[in-house]
Amino acid sequence: MKPIGYWLNRTDKALTHCMNDMLEGFGLTRTAWQVLNVIRDTPESTDADVLSVLASNADAPTLIAAIDTVLAEGWVARPAPERLALTPGGRQQLADVAGRVEAFRSLSTTGISPDEYRTAVFVLERMTHNLETPRQHETAVRPPQQNAPVEGPADLMDRYQGHQQIHRTA
């Protein structure tokens, strides 16, 4: 059996590829659709709000490009500097793609019961919490060596964030 990380990465790529294909005729990508939803759900949203809400979904350059796309298409406007708001065209765009999004969701969950889906989400949520809570994985990251200085949660997070930064820029 392949490890969960393999399936998480492969599933995310499959979700993105399939949704991009399903939304292509509407001039949207999965990320641009997510941006439209954040702006719809957060009145008076800012670029920073969108980046914050979708930080787990895509990197900053991808999100900025998606914001630029929805602005260029006229689905979003700037009522004030750094503010984002759906235009009537943006609201219509979301309404127009709703059927495709529902078909995508149906396809992606074919053969999966609602209980299985909830269980999968619950397990992934717990795993994420376990790994994002420094004290939970402090000793699992690296066992203490004899006579080595003991790292606290802040040290581990600094090392982890540095590792993440290296991978984001590579």
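Two strands pair if DSSP finds at least two bridges between them. With that in hand, here are some close-ups of this predicted model.

**Figure 1. Strand β3 pairs with β2 in the antiparallel sense.** Two bridges hold the pairing of strand β2 (residues 76–77) with β3. Within the pairing, look for Ala 77, which stands opposite Ala 85 in β3. The hairpin of β2 and β3 has five residues between the strands. Glu 82 sits in that loop between β2 and β3, and its phi is near 65°, a positive value in a residue other than glycine. As a backdrop, most residues other than glycine have a negative phi.

**Figure 2. Strand β1 also joins β3, again by two bridges.** The strands β1 and β3 run antiparallel, and Ser 45 has Leu 84 of β3 as its bridge partner. Next along is Thr 46, likewise a residue of strand β1 (residues 45–46). Is Thr 46 buried or exposed? Its relative accessibility is 16%, so Thr 46 counts as buried; the cut-off for buried is under 20% relative accessible area. Leaving aside residues up to four places away in sequence, Thr 46 touches Glu 82, Arg 83 and Leu 84.

**Figure 3. The side chains of strand β3 (residues 83–86) alternate.** In a regular strand the side chains alternate between the two faces of the sheet. Here Leu 84 and Leu 86 point to one face and are buried. Arg 83 and Ala 85 point to the other face and are not buried.

**Figure 4. Glu 44 has a positive phi in the loop before β1.** Where is Glu 44? This residue lies in the loop between α2 and β1. Its phi is near 65°, and the residue is not a glycine. With a relative accessible area of 55%, Glu 44 is exposed.

**Figure 5. Helix α2 packs against helix α4.** Two packed helices are described by the angle between their axes and the distance between the axes. For α2 (residues 30–41) and α4 (residues 60–72), the angle is about 70° and the axes are 9 Å apart. That angle makes α2 roughly perpendicular to α4, since angles of 65 to 115 degrees count that way. From α2, the contact draws on Thr 31, Ala 32, Val 35 and Leu 36. From α4 come Thr 62, Leu 63, Ala 66, Ile 67 and Val 70. By class, the residues of this contact are seven nonpolar, two polar and no charged.

**Figure 6. Leu 94 of helix α5 (residues 88–108) is buried.** The relative accessible area of Leu 94 is 8%. Not counting residues up to four places away in sequence, Leu 94 touches Trp 33, Leu 36, Asn 37, Arg 40 and Leu 86. How many residues separate Leu 94 from Trp 75 in sequence? The two are 19 residues apart in sequence and 9.3 Å apart in space, taken C-alpha to C-alpha.

**Figure 7. One aromatic pair turns up in a search of the whole structure.** The pair is Tyr 6 with Trp 7: the ring centres are 4.9 Å apart and the planes stand at 85°, so the arrangement is edge-to-face. How accessible are these residues? Tyr 6 is partly exposed, with a relative accessible area of 31%. Trp 7, at 40% relative accessibility, counts as partly exposed.

How values were computed:
Residues numbered from 1 in each chain as written. Predicted model: local features only at pLDDT ≥ 70, side-chain atom pairs only at ≥ 80, totals over all residues. Heavy atoms only, no water. Axes fitted to C-alpha atoms, helices over the stretch in contact; angles between N-to-C directions. Helix = DSSP H or I, 4+ residues; strand = E, 2+ residues; numbered from the N terminus. Parallel < 35°, antiparallel > 145°, perpendicular 65-115°, else oblique. Contact = heavy atoms within 4.5 Å. Nonpolar A, V, L, I, M, F, W, Y, C, P; charged D, E, K, R; others polar. Buried < 20%, exposed > 50% of the residue type's maximum accessible area, 1.4 Å probe, protein only. Phe/Tyr/Trp six-rings, centres within 6.5 Å; stacked < 30°, edge-to-face > 60°.
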